[in-house]
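Work through the exercises below with the sequence and the model at hand. Each task is followed by a solution in steps.

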Number of protein chains: 2
Amino acid sequence: MPDTTRRADSLPGNRYGNRPTMKDVAARAGVGLKTVSRVVNGEPGVTPDTERRVQEAIEALGFRRNDSARVLRKGRTASIGLVLEDLADPFYGPLSRAVEEVARAHGALLINGSSAEDPEREQELALALCARRVDGLVVIPAGDDHRYLEPEIRAGVATVFVDRPAGRIDADVVLSDNYGGARDGVAHLIAHGHRRIGFIGDMPRIHTAAERLRGYRAAMEDAGIPVEDEWMSLGATNPERVRRAAEEMLSGPAPVTAIFAGNNRVTVTVIRVLAERTRPVAFVGFDDFELADLLQPGVTVVAQDAAALGRTAAERLFRQLDGGLVAPERVELPTRLITRGSGELPPAD
Amino acid sequence: MPDTTRRADSLPGNRYGNRPTMKDVAARAGVGLKTVSRVVNGEPGVTPDTERRVQEAIEALGFRRNDSARVLRKGRTASIGLVLEDLADPFYGPLSRAVEEVARAHGALLINGSSAEDPEREQELALALCARRVDGLVVIPAGDDHRYLEPEIRAGVATVFVDRPAGRIDADVVLSDNYGGARDGVAHLIAHGHRRIGFIGDMPRIHTAAERLRGYRAAMEDAGIPVEDEWMSLGATNPERVRRAAEEMLSGPAPVTAIFAGNNRVTVTVIRVLAERTRPVAFVGFDDFELADLLQPGVTVVAQDAAALGRTAAERLFRQLDGGLVAPERVELPTRLITRGSGELPPAD
DNA sequence: CGCGCATCTGACAACGTTGTCCAGGCTCTA
DNA sequence: TAGAGCCTGGACAACGTTGTCAGATGCGCG
C-alpha cells in the first residue's frame, strides 16, 4: 500500500531546501490545514490560543507562504510587468521608479526587463511576463506591431503603452507631446535668428523620433525655411555616428548655426562636439538631464516628465484592473521648454 | 450527482478571461492532457501529425502555459529578485541592467523593487520576493541586520549582497573598495597642496558612507593633518542640508580649500555651490557621472564600476544556483581615480 | 501467424494553497 | 435541562501543470 499521506522523501534533490508547508505547520501546531491558512491570511474565526500555537509553529519552522500556489488558486498575481528599452538609460530610471511606486501603492510587485530596442526581444519578454500571469503590462514599445498581445489582452491582461504608441492594436497609450515639443524647441531657435538649423535624431521607425522630426519640419515650414537634406541626420544614435553627423553639418560652405538634438543620448554627444569648437553654435536638446544648468553655456532643453509618464501609465493600468474595462485612450503629456543659454545664442554667421 | 469533469461555469468572475488550459487544448485537439504538455515543452515522443494538431489547437485558443502552475510543480521559478535603493538613481541603472543581462543569459527574469533606504521596506520586499519563490536574491542593503533572511537562505534561496555588506549573517558580498577609493581621492587633494579638506558624506550608519569617511580620515592621518570637526558633514544628503554644510565649510576665518564629496548626490549639490563662488575650490567626488568632463573645470572623481558590481553579484548568484553551495565570499572591486581638473586646483590660500 | 519490442499516448497523482461546507462543542435562553 | 444558534476547526476538492507508469499500437522477425 503506497503511503500518500506525506510526500516521498526519496525525491531526488530537485527541490532545494524542502521548505515547510502549511501542512507541516498544521501538524506541528496540532491543528487542521485550513486553520493555518486562516491565521496566515488573518481571516476571522480562530481563537487567540489556537492562533498563538500556529504562530509559534510558523516561527519555529521558518514557514513562508508559497505565493505560486496562492496565485494558482486565486488567479491574480499582484504583480505587473514593465518592458522598457534600457534600464540603464537615465530617462527610464524615473519612469520605472514611478511605475513601481504606483504598483506598490496597489500592493503589486514589478517585474521588468529591457528589450534593447529589439522588437523580437520585446515580444519574447512581454509573453514571458504573460506566462507568469502578471495582472498587467506596461510596455515601452520597441516594435511596431503588437498584435501578438491580442489574445493576452482578451484574456484580461491590462495593458498600457508608454512613450511610444502601440502598433496595429487598439490600446491605452501615454505619450509626451513629441511633435509639439520639438516644434517649440526649433521655433525657439528660429526666434533667436537662426535659419540653418540641424536636426540629429534617431531612426524614424521609432515613433518618438518620427514625431520630433515632424515637429522640426513643421517649425521650419511655419517660418518659411526650406530644409536642406544635409541638415538632417536620422539614424542610429551611437556616439561615433552622431559625432560624424554633427561635424558634417558644422563644416562646409554653409554650416548650420544651430542644432536640435532628438534625444538625451544625442545631446550628450553633440555637446561634446560643440565643446571642442570655438565658434559658438546654438543648441536645444530633447530631454532634460542633470547638471544641464552648470555647463557653459547652460543647455536649453525640451523637457519631458518621465516620472509623470510612468505614473500616468501605471494609474491607467490599475484603473483597468479595478474598474473593469474602459475604452482605450491616448493621453499626451505636455513638454516644457527650459531656457538656459545654449538655445539663446545668436547665429554666428 | 455533481459534475466534476469541467470547472463550474457558474464561478463568479473572479478570474478574468478564463484562459484556456492544457485540458482545453487537449479536448480540442482530441488528444490527452499529457500530450499537450509534451508538445508545449518540446519533449520527444510525439508524432508529427499529433504535434501539428496540438499546435493548431494552441494557436486557435490562444493558449499560453501558466507558469505559476509550472513553478508549483517544478519548484524553480527561473526568476531572481533585486532589492535596491532607488531605481531612479543613475548609479543603480547600470547595476540593475547588468544583473538583468546575467539573469537573461541564464533564462531568468528579474523582479525588482526599491527600498528607499528604509530597512523595513527592504525586509518587506525581500520577503515578498521569497514568497514568490524567486530562485535567488540580489540585495543592496538598506538595513544592517539581515538575520531575517536566514530561513530563506537555509531553504535554498541563493543570496548575494551588493554595494554594502550583509548585517549579522554570513553571505556573499560584492563591494567597491570604498575605503581605498576615498583615501586615494583625498590623498590626491593632499598631493596638490591642500591641508584643510572638507568631507561631505551620508549617514555613517550606511556602510559605504562609513568606509569613505574612514578613507578620508586615513588619508589625512597619513599626511599628519589633524582633522577639524567643522570639516566633516555626516548626515542626510538632501540638497538643502548639503548646501548648508558646504557653505559653512567655505566660510569663516579658516575655510577649507578643497572638498571631497561622499557620493553622486552630494557631488551634484556641491558643484552647484562651487559654481556660484568666485574663489576656486578644489573638488573630488565619489562616483562618476555623465558629462563630468564637460563642466568647467572638469570634475575629478573616484569612479566605481556599477555594471561590474551588478554583473559580479549576479554571476556569483548563479554559481550558487548551478554549482550548489560555495563558501560565502567577500569580493571587493577596485575604484579608479579619474583626473579632470577640479581635483588638481591648487589651494587658494 | 504470433511474439517481443519499441514507440506513442493517456490516466493519475502530486505540487501548496484557498473556498466550500459540514461537524462538533459551546453558550444562551426558555 | 433541552434546544437553538453561534463559533471554531477540519476534510475535501480545485487551481493548471508535470512526472510516473502502464496501456495501446504497430512493426519486425522468427
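**Exercise 1. A helix and its packing**

Against which helices do the buried residues of helix 1 of chain B pack?

Solution. The model is a predicted one.
- Step 1: list the buried residues of helix 1 (residues 22–29) of chain B, which are Met22(B), Asp24(B), Val25(B), Ala26(B) and Ala29(B).
- Step 2: follow their contacts. These buried residues pack against helix 2 (33–40) and helix 3 (48–61) of chain B.
- Step 3: look at the residue that comes just after helix 1 of chain B. Gly30(B) has a positive phi there, of about 70°.

**Exercise 2. Relation of the two chains**

Find the operation that lays chain B on chain A, and state the kind of axis it implies.

Solution.
- Step 1: superpose the chains. A turn of 180° with a shift of 0.1 Å along the axis lays chain B on chain A, and the RMSD is 0.1 Å.
- Step 2: the two copies are therefore related as by a two-fold rotation axis.
- Step 3: locate the residue of chain B that comes closest to the rotation axis. This is Ile111(B), with its C-alpha at 2.1 Å.
- Step 4: compare the surfaces used. Of the interface residues of chain B, 100% are also interface residues in chain A, so the copies meet through the same surface.

**Exercise 3. The interface**

How many residues does each chain give to the contact, and what area do chain B and chain A bury between them?

Solution.
- Step 1: count the residues in contact, 67 from chain B and 68 from chain A.
- Step 2: take the area. The size of an interface is often expressed as the accessible area lost when the parts come together. For chain B and chain A this is about 5,900 Å², with 52% of it on carbon and sulfur atoms.
- Step 3: search for charged pairs. Side chains of opposite charge can pair when their charged atoms come close. Across the interface of chain B and chain A there are 14 salt bridges, while the count over all chains is 50.
- Step 4: examine one pair. The side chains of Arg121(B) and Glu101(A) form a salt bridge, at 3.3 Å from N to O. Arg121(B) belongs to helix 6 (residues 119–131) of chain B and Glu101(A) to helix 5 (residues 92–105) of chain A, so the pair joins two chains.
- Step 5: classify both partners, with buried meaning under 20% relative accessible area. Arg121(B) counts as buried because its relative accessibility is 9%. Glu101(A), at 29%, counts as partly exposed.

**Exercise 4. Another salt bridge**

Are Asp145(B) and Arg147(B), which form a salt bridge, placed 2.6 Å apart at their closest N and O atoms buried or partly exposed?Solution.
- Step 1: Asp145(B) is partly exposed, at a relative accessible area of 29%.
- Step 2: Arg147(B) counts as partly exposed as well, with 39% relative accessibility.
- Step 3: turn to a network. Asp49(A), Arg52(A), Arg53(A) and Glu56(A) are joined into one by salt bridges that share partners.

**Exercise 5. Nonpolar cores**

Which residues have the most contacts inside the largest nonpolar core?

Solution.
- Step 1: the largest nonpolar core has 90 residues.
- Step 2: those with the most contacts inside it are Ile200(A), Tyr216(A), Phe260(A), Ile200(B), Tyr216(B), Ile259(B) and Phe260(B).
- Step 3: apart from this core lies another, of 56 residues, including Ala103(A), Ala108(B), Ala314(B) and Leu333(B).
- Step 4: take Phe260(B) and leave aside its neighbours within four places in sequence. Among the residues in contact with Phe260(B) are Ala182(B), Leu189(B), Ile200(B), Phe286(B) and Val302(B).

**Exercise 6. Domains of chain A**

Give the domain bounds in chain A and the separation of domain 1 and domain 3.

Solution.
- Step 1: domain 1 covers 1–65, domain 2 covers 78–176 + 307–333, and domain 3 covers 178–305 + 337–344.
- Step 2: over C-alpha atoms, the centres of domain 1 and domain 3 of chain A are 63 Å apart.

**Exercise 7. Backbone details**

Where in chain A is Pro297(A) found?

Solution.
- Step 1: Pro297(A) sits in the loop between strand 9 (282–286) and strand 10 (300–303) of chain A.
- Step 2: the peptide bond from Gln296(A) to Pro297(A) is cis, with omega near -5°.
- Step 3: check chain B. The bond from Gln296(B) to Pro297(B) is cis, with omega near -5°.
- Step 4: consider phi in another loop. Ala116(A), between strand 2 (109–114) and helix 6 (119–131) of chain A, has a positive phi near 55° though not a glycine.
- Step 5: Ala116(A) is partly exposed, with a relative accessible area of 34%.

How values were computed. Residues are numbered from 1 along each chain as its sequence is written. Chains are lettered from A and ligands numbered from 1 in the order in which they are written. This is a predicted model: local features need pLDDT of at least 70, side-chain atom pairs count only at pLDDT 80 or more; totals for chains, interfaces and linings use all residues. Side-chain values use heavy atoms; hydrogens and water are left out. A nonpolar core is a set of buried Ala, Val, Leu, Ile, Met, Phe, Trp, Tyr and Cys residues joined through side-chain atoms within 4.5 Å. Buried means under 20% relative accessible area, exposed over 50%, partly exposed in between (1.4 Å probe, protein chains only). Contact means heavy atoms within 4.5 Å. Copies are superposed by least squares on the C-alpha atoms of residues with pLDDT of at least 70 in both. Domain bounds come from an automatic or database domain assignment. A salt bridge is a side-chain nitrogen of Lys or Arg within 4 Å of a carboxyl oxygen of Asp or Glu. Helices (H or I, at least four residues) and strands (E, at least two) are DSSP runs, numbered from the N terminus. Buried area is the accessible area (1.4 Å probe) that two parts lose on being put together, summed over both.
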